[in-house]
Amino acid sequence: MRGLSSEEARLRLKEYGPNALPEKPPEPLWRKFLRQFQSPLIYILLFALAVDLVLWGLEGAQGLPLESLAISAILLLNAGLGTLQEKRSEDALRRLKALAEPMAWVLRDGEFRHIRSREIVPGDVVRLEAGDRVPADGVLVEAGGVMVDESLLTGESVPVEKGMGEEVYAGTLLVRGRALVEVTRTGPQSAMGRIAGLLAGMVEEKTPLERRLTAFGHRVARWVILLAAALVVLGFLVEGVSAQVVLFAVALAVAAVPEGLPAILTLALALGVERMARRKAVVRRLAAVEALGSVTVIATDKTGTLTENRMEVREVVGPDPEGALLAMVLCNDADLDTGAGDPLELGLLRYAAPYLDVAQVRAKHPRLSERPFDSAWKFMRVATPKGSFLKGAPEALIPRLALSPEEKARLLEEAEAHAQRGFRVLALAYGEGEREEGLRFLGFVLLLDPPRPEVPEAVRRVQEAGVRVVMVTGDHPATALAIARQVGIPAEVVATGEEIAELSDEELLEVDVFARVRPEDKLRIVAALQKAGEVVAMTGDGVNDAPALKRADVGVAMGQRGSDVSREVADLVLLDDNFATIVAAIEEGRNIYENIQKFIRFLFSTNLSEVLVVAIGMVFAALLNLRDAAGHLLLPLTAAQILWINLVTDGLPALALALDQNPGVLRSPPRPKEAPLLDRISLRFVLITGSVKAGVALAILAVFPGWLGLEAARSATFHFMAIGQLFFAYAARHTHLIPLPNPYLHGAVALGILVQLLLGLLAPQFVEGVALPLWGWGVILGLALLAWLMAEGVDRWLWRKEARP
C-alpha cells in the first residue's frame, strides 16, 4: 500500500477543496465600526448632539457648531480605534486557532507523513490510534480492536465496534485500537459537513474577567449617571433649560466611565496569548488566562513533560533475549521509517533494528488478532501464527506467568529494584495461541527517559511562586519517585492508583507523587485539590484524560503526543509537551493580569479626577455666578474637552501599559481566585491620586482667572488635566513589582504631550479653548510634574505600608 502520490493529492485538493467545514465569513470592517456605537451612553450622547445641532439651526446657523463638530470627530476617532483593536484581537485569535489545528498521519508516496487535517483528500489512507478524531469519512482497510464513539453524530453514548470494510465518519472518536482508513468524503461532503450546524465554529463568550469588568463598569456608570442627573438639575436651576447643560452632563458620564476598557482588555489578552504562543503555549480559551494567574497546584505527567520523551532501551534482562526481541517488534504499532507511533514503541524498534529486519519479521509473523493496550488491563497482546506476544507493566503480566508464587515475587522485586534506579520497566511474555494466562516470561526491558535539562530550573521558579508541583503518572512508583527527586519536586509521600481509592480527600492532599494512576484516579485527585480550595492545572494526553482536563481549572494538553480529544477539552495546548512551557504560561498569565490592573488603576484615577473637577467646579461657578463670553454658566471643562481627555490621555497610554513586562511576577504568591479587580491598595491609589490631581486643577481654576481671565483659566485646567494624566501612567504601573523599561509607554506619553501642545498652540478653538502665553504653558508643565511626583510618593508610601509586618 503506497497511498496517493503528492501530485495526485495536490490535484484532488484543488478539485474537492480543503477538508474543513465551511466557516462563517469575517464580519466587514464597516459593521465592526458601527458596533462601537452600540452603547446606551453613546446613544444618549448622539441624541444630545442631535439636539445641539437642531438648536444651532433654530438659532439661525450662525458660524460653525464647533462643539458639535469636535465631539463628533472625537467619537469617530474613538470608534475607529475600537474597530482596529477588535480586528487585531480577532486576527490574533485566528492565528492561534491555526496553531492548534488538528494534524493526521497520512500515507503519501509510500510513507506516512504528518500533515494538517485540512489537506486530506478522498483516496488518502489515514493512520488512527486511540484518542484520535476521525478526520474525514472513510472505510476501514485495517482495524485492530477498533471501537468508535459516534455520539457526536448519533447521540448514542456507547462506543461501537468496527471491523475491516466498515465505514467511519468525520468527527467521531477512536476510543480503542488502531486503524487505517481510506478516505471517501471530505469537508462539506462528509457526514459532519452535512450537519455543520452542530459545529458552527467557536463561540467566543465573554471571559470571567470581562464579565467582572462589565459588572464593575455598570456599577460605576450608575453612580455617574446619578451625578450627571444632579448636575443637569443644578444647571437648569442656575441656567434655565439648556441643551448645553444636557450635552455637558452626558459627556461627563461618557468620560467618567471608560467605554474603551473592553477593547483595551481584549487587546491585552490577545497580545498576551500571542506571546504565549511564541513560547509554545497555545491558549484555546481566553478564560484560561485569568485562571493561570491563580494556579496554586500543577498536577503534571512525567513522560515527555518532565522528561525528554526519548525512550531509550538501555538493557534487556531475562531468560529469552531472542523472544524478547520478537515481542518488541511484533507487539508494537509504531513505524520506524516514518516516526509514526508512540515514543516508547519507537524506542523498542530502534533497539531491535540492529538485530532483526523489522519489516521481514512482521511479514513473516502477520497478526491474527490483538488486544490493544488499555489503562484498565495495562498490557497489549498480539497473536501470530507462532503464538501470542505480550508487553505491559510488570505488575500486570507477572501474575499471569506460569511460575510459582515465590518466582513471581522474586520477579516483582527485581522490577522494583530496576525502577528505583530510575528505569521505566516493561515486562515481555509469550503464550500459546491467544492465551493470556499461563505465560512464559521473556524478560524485562529497561528504558530510560532522561529529565529535560530545563525542568529543574522551571520547577524551582514555580515553587518560588507559591505553586506546588505534584506528579501524576502511569509509571512505576519507584521510577516516578526517582525522576521527581531529580527535577526538584520535594517528593516524600507516594501513592499508587490502587491506594488512592482507600485514601480520604485530606490524605490525598499530602501525596507528592501519584503512580500507576488510572484516568478515574486523575479526576478524583483534581476534585480533592479543588475541594481544598486549590486552583489546579492538570496535564494529560490520552482520550481517558479528558474528564480530568475538563474538571481542572486549567486543562493542559500535549500538542505533540496528545490525543485529539484531550486537545479539544483543554484550555492550554503545549506545542512542545514541556513542563517549562507550563511555567512560562503561568508567568505570562500573571503578567497579563498585572498589566490589566495597571491600566484599570490608570483609567479610574483619570475618571475620578474629572468627576471631582467638574462637580466641585460647577457648584462653585453656580455659587459665584461665573459666566463665559456668551453669558452661559462657566463650566470647569467643556464637553469637547472632557471627551478629548478621554481619548488622548486614556487610549494610547493604557494600550502601552498592556505591553509592560514584569520580570518578578513569579516571585509572589498566586492571586486569590476571587480577588477584586481593584484591590485595597489600588483603590487607595485611585482615590488619593485622583483627588490630588483634582485639587491642583481646582487651584488653577481659582488662581488663573486673576492672571489671564476665566476662559484662559478653563483652558489651562484642560491642558493640565490632559498632560497630568499622561504622567500618571508611570505612577499607575508601579506595584509590588519593578517592571522593565517600557519604550511604548515613553512613546505614548511623548506623543500625547506633543499633540496637546499642538492643539493648544495651533487650534485651541477646536475644543472651545483659547490660546495661552508661553509662561502659562511653563506653569502647566511644572504643576503636572509636581502632581506626578506627589502621585509617585503616594504610590510608594502605599506599597511600603503594605509591606510592613
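**Chat: helix H16, the core and a helix pair**

User: Which residues of helix H16 are buried?

Analyst: In H16 (residues 455-464), the buried ones are Val455, Ala458, Val459 and Val462. Buried is under 20% relative accessible area (1.4 Å probe, protein chains only), and helices are DSSP runs of H or I, at least four residues, numbered from the N terminus, with strands being E runs of at least two. This is a predicted model, where local features need pLDDT of at least 70, side-chain atom pairs count only at pLDDT 80 or more, and totals for chains, interfaces and linings use all residues. Numbering starts from 1 along each chain as its sequence is written, and side-chain values use heavy atoms, without hydrogens and water.

User: Why are they on the same side of H16?

Analyst: Because they cover an arc of only 100 degrees around the axis, taken from the directions from the helix axis to the C-beta atoms.

User: And what covers them?

Analyst: The cover includes strand E9 (297-300), strand E16 (468-472), helix H17 (477-487) and H23, by contact, meaning heavy atoms within 4.5 Å.

User: Anything odd after H16?

Analyst: Gly466, just after H16, has a positive phi of about 80 degrees.

User: New topic: how many residues are in the largest nonpolar core?

Analyst: 123, with Leu572, Phe579, Phe599 and Phe720 having the most contacts inside it. Such a core joins buried Ala, Val, Leu, Ile, Met, Phe, Trp, Tyr and Cys through side-chain atoms within 4.5 Å.

User: Which helix gives the largest share?

Analyst: H23 (residues 579-624), with 17 residues.

User: What does Leu572 touch?

Analyst: Beyond four places away in sequence, its partners include Ala281, Leu292, Val554 and Ala585.

Notes:
Buried means under 20% relative accessible area, exposed over 50%, partly exposed in between (1.4 Å probe, protein chains only).
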